[in-house]
Amino acid sequence: MHYYRWYAVYTHANSESMLFEHLLAKGYDVYLPRRATRQMIGFKTKTTYEPLFKSHVFVRTLPEGLAQVKQAPGFSHMIRNGHYLAAIPETHIVKIKTILYHYDESTSLANNLVDGVTVAVINGPLKGLTGLLVDGEGERPVAMEVGQLDRSIMVNVPMATVFRTEMPTPA
């Protein structure tokens with residue numbers, strides 16, 4: 001018995017929208033997380049949207065539906081964990097959607113570039129999620145890991161909404 005699962009698809013460079021539109025037209029459940037970017041043009045601010053994870057599109061399908069996905073324009077390869085396809089938990093898709101709904105200017109970063117202490121969000125729209133409070137000065141973003149992608153979403157949440165769950169290690 002097979003179940004519908006979310007899979008991460010790696011696209012050719014700048015082909016996320018093309019693959020997304022093609023799979024959507026074929027009836028697939030597809031998700032392309034996009035983040036807002038704002039730039040000044042003269043005296044006006046222009047908002048554009050770009051993929052949160054470069055060259056990644058998420059598709060929800062049965063394993064046998066992947067054959068058609070692999071033939072779609074813009075497809076490069078499936079994300080794997082060793083020899084197995086990386087199935088993305090539904091909870092991680094919900095986490096991404098929740099973060100982007102409330103914090104559309106979020107960014108993503110490779111997990112090996114994230115360092116900080118573990119915190120829990122205790123209030124606000126991300127209540128119940130955990131992440132790493134990134135070291136630095138001024139605004140300190142929280143990195144929320146996305147399983148199977150080896151990436152984290154950086155979110156600037158108010159410091160009053162996070163609670164440190166890990167004690168700092170002595171120097």
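**A tour of the sheet, helix α1 and the aromatic cluster**

Select first strands β11 (residues 116–121) and β12 (residues 130–134), which run antiparallel and are joined by 5 bridges. Helices (H or I, at least four residues) and strands (E, at least two) are DSSP runs, numbered from the N terminus, and two strands pair if DSSP finds at least two bridges between them. The model is a predicted one, in which local features need pLDDT of at least 70 and side-chain atom pairs count only at pLDDT 80 or more, while totals for chains, interfaces and linings use all residues. Residues are numbered from 1 along each chain as its sequence is written, and side-chain values use heavy atoms, with hydrogens and water left out.

Within this pair, pick V119 and find its bridge partner in β12, G131.

**The open sheet**

Extend the selection to the 6 strands that form an open sheet in the order β10-β14-β13-β12-β11-β15, with antiparallel pairing. β10 and β15 (162–164) stand at the edges with a single partner strand each, so one side of each is left without a neighbour in the sheet. On average, neighbouring strands of this sheet are turned by 40 degrees against each other, direction ignored; axes are lines fitted to C-alpha atoms, for helices over the stretch in contact, and angles run from 0 to 180 degrees between N-to-C directions.

Move next to β10 (residues 107–110), which pairs with β14 (residues 151–155) in the antiparallel sense over 4 bridges. L109 stands opposite S152 in β14. Colour β10 by face: S108 and A110 make up the covered face, T107 and L109 the uncovered one.

Now display helix α3 (residues 90–102), which lies across β13 (142–146) and β14 and runs at about 145 degrees to β13.

**Helix α1**

Centre the view on α1 (residues 16–25), where E16, L19, F20 and L23 are buried (under 20% relative accessible area; exposed is over 50%, partly exposed in between, with a 1.4 Å probe and protein chains only). These residues cover an arc of only 100 degrees around the axis, which puts them on the same side of α1; the arc is that of the directions from the helix axis to the C-beta atoms. An α-helix has 3.6 residues a turn, so residues three or four places apart point the same way. After the helix comes G27, whose phi is positive, near 95 degrees.

Select L19, which has a relative accessible area of 0%. Leaving aside neighbours within four places in sequence, L19 is in contact (heavy atoms within 4.5 Å) with V9, T11, V57, A72, P73 and F75.

**The aromatic cluster**

Show the rings of Y31, F53 and F58, which ring pairs link into a cluster. Rings of Phe, Tyr and Trp (its six-membered ring) pair if their centres lie within 6.5 Å; planes under 30 degrees apart count as stacked, over 60 as edge-to-face and the rest as tilted. The count comes to 2 aromatic pairs. Y31 and F58 have ring centres 6.4 Å apart and planes at 25 degrees, so this pair is stacked. Y31 lies in β2 (residues 29–31) and F58 in β5 (residues 56–61), so the pair ties together parts that are 27 residues apart in sequence. The rings of F53 and F58, with centres 6.2 Å apart and planes at 85 degrees, form an edge-to-face pair. Both F53 and F58 are buried, and Y31 counts as buried at 13% relative accessibility.

**Charges over rings**

Finally, add K97, which lies over the face of Y31 at 4.9 Å from the ring centre. Back at α1, the charged end of R34 sits over the ring of F20, 5.5 Å from its centre. Such a placement requires NZ of Lys or CZ of Arg within 6 Å of the ring centre and within 35 degrees of the ring normal.
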